[in-house]
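User: I've just opened this one and I'm new to it. Could you walk me through a few questions?

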Amino acid sequence: LCDLSIAAESARFGQAVPALTTFLGDGGSGVLVGLRGEVFRSNVILVEVVGAAAKVVVTLHGPTGDAVGAPILRRLAPYEQAFLNDIVPVSSSTSG
């Protein structure tokens, strides 16, 4: 599933790809591959779906596996959504 929108006046493209749609649960982890920060903007949406408070830690890694920036910590209230906008630093990328 992919949503594509085109803004004719600005000639910019937008794309939404549900990269990780699996419930992770307590202590679970997931991987998003190919986030970019040079030309594209990478946004991540976190959603709490069980009805209990949650803590999420997002750690970015570059093409060589080295950490990029500090981990991002978000605490979510029950059923809350958090939008992490433009999370990849311009000088790095998480894909090789």
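User: Is Val49 buried or exposed?

Analyst: Keep in mind that this is a predicted model. Val49 sits in the loop between β3 and β4 (54–58). Its relative accessibility is 52%. Exposed means over 50%, so Val49 counts as exposed.

User: Which residues is Val49 in contact with, leaving aside its neighbours within four places in sequence?

Analyst: The chain brings distant stretches together here: Val49 and Pro78 are 29 residues apart in sequence, yet 7.3 Å apart in space, C-alpha to C-alpha. For contacts, we leave aside the neighbours of Val49 within four places in sequence. That gives Phe23 and Tyr79.

User: What is the accessible area of the nonpolar patch that Val49 belongs to?

Analyst: Val49 shares this surface patch with Phe23, Ile45, Val47, Val50 and Phe83. Taken together, the accessible area of these residues is about 610 Å².

User: How does Phe83 fit in, and which residue is its bridge partner?

Analyst: Phe83 is found in strand β6, on the uncovered face along with Gln81. It's partly exposed, because its relative accessible area is 48% and exposed needs over 50%. Strand β6 pairs with β3 in the antiparallel sense, over four bridges. In that pairing, the partner of Phe83 is Ile45.

User: What about the other face of β6: which residues are on the covered side?

Analyst: The uncovered face has Gln81 and Phe83. Both residues of the covered face are also listed in the largest nonpolar core. They are Ala82 and Leu84.

User: Which elements give two or more residues to that core?

Analyst: The largest nonpolar core has twelve residues, including Leu35, Val58 and Val68. Val44 and Leu46 are in it too, as are Ile72 and Leu76. The elements giving two or more residues are β3 (44–47), β5 (72–76) and β6 (81–84).

User: Stepping back, how many helices and strands are there in the protein chain?

Analyst: From the N terminus on, the elements run β-β-β-β-β-β. So, with helices defined as DSSP runs of at least four residues, the count is zero helices and six strands.

User: And what share of the residues is buried?

Analyst: The protein chain has 96 residues, and its accessible surface comes to about 7,200 Å². Of that surface, 55% belongs to carbon and sulfur atoms. Buried means under 20% relative accessible area, and the buried share of the residues is 21%.

Terms used
Residues numbered from 1 in each chain as written. Predicted model: local features only at pLDDT ≥ 70, side-chain atom pairs only at ≥ 80, totals over all residues. Heavy atoms only, no water. Buried < 20%, exposed > 50% of the residue type's maximum accessible area, 1.4 Å probe, protein only. Areas by Shrake-Rupley, 256 points an atom, 1.4 Å probe, with all protein chains shown as cover. Core = buried A, V, L, I, M, F, W, Y, C linked by side-chain atoms within 4.5 Å. Patch = residues over 30% accessible without salt bridge, like charges linked within 9 Å, V, L, I, M, F, W, Y side chains within 5 Å. Salt bridge = Lys/Arg side-chain N within 4 Å of Asp/Glu carboxyl O. Pairing = 2+ DSSP bridges. Contact = heavy atoms within 4.5 Å.
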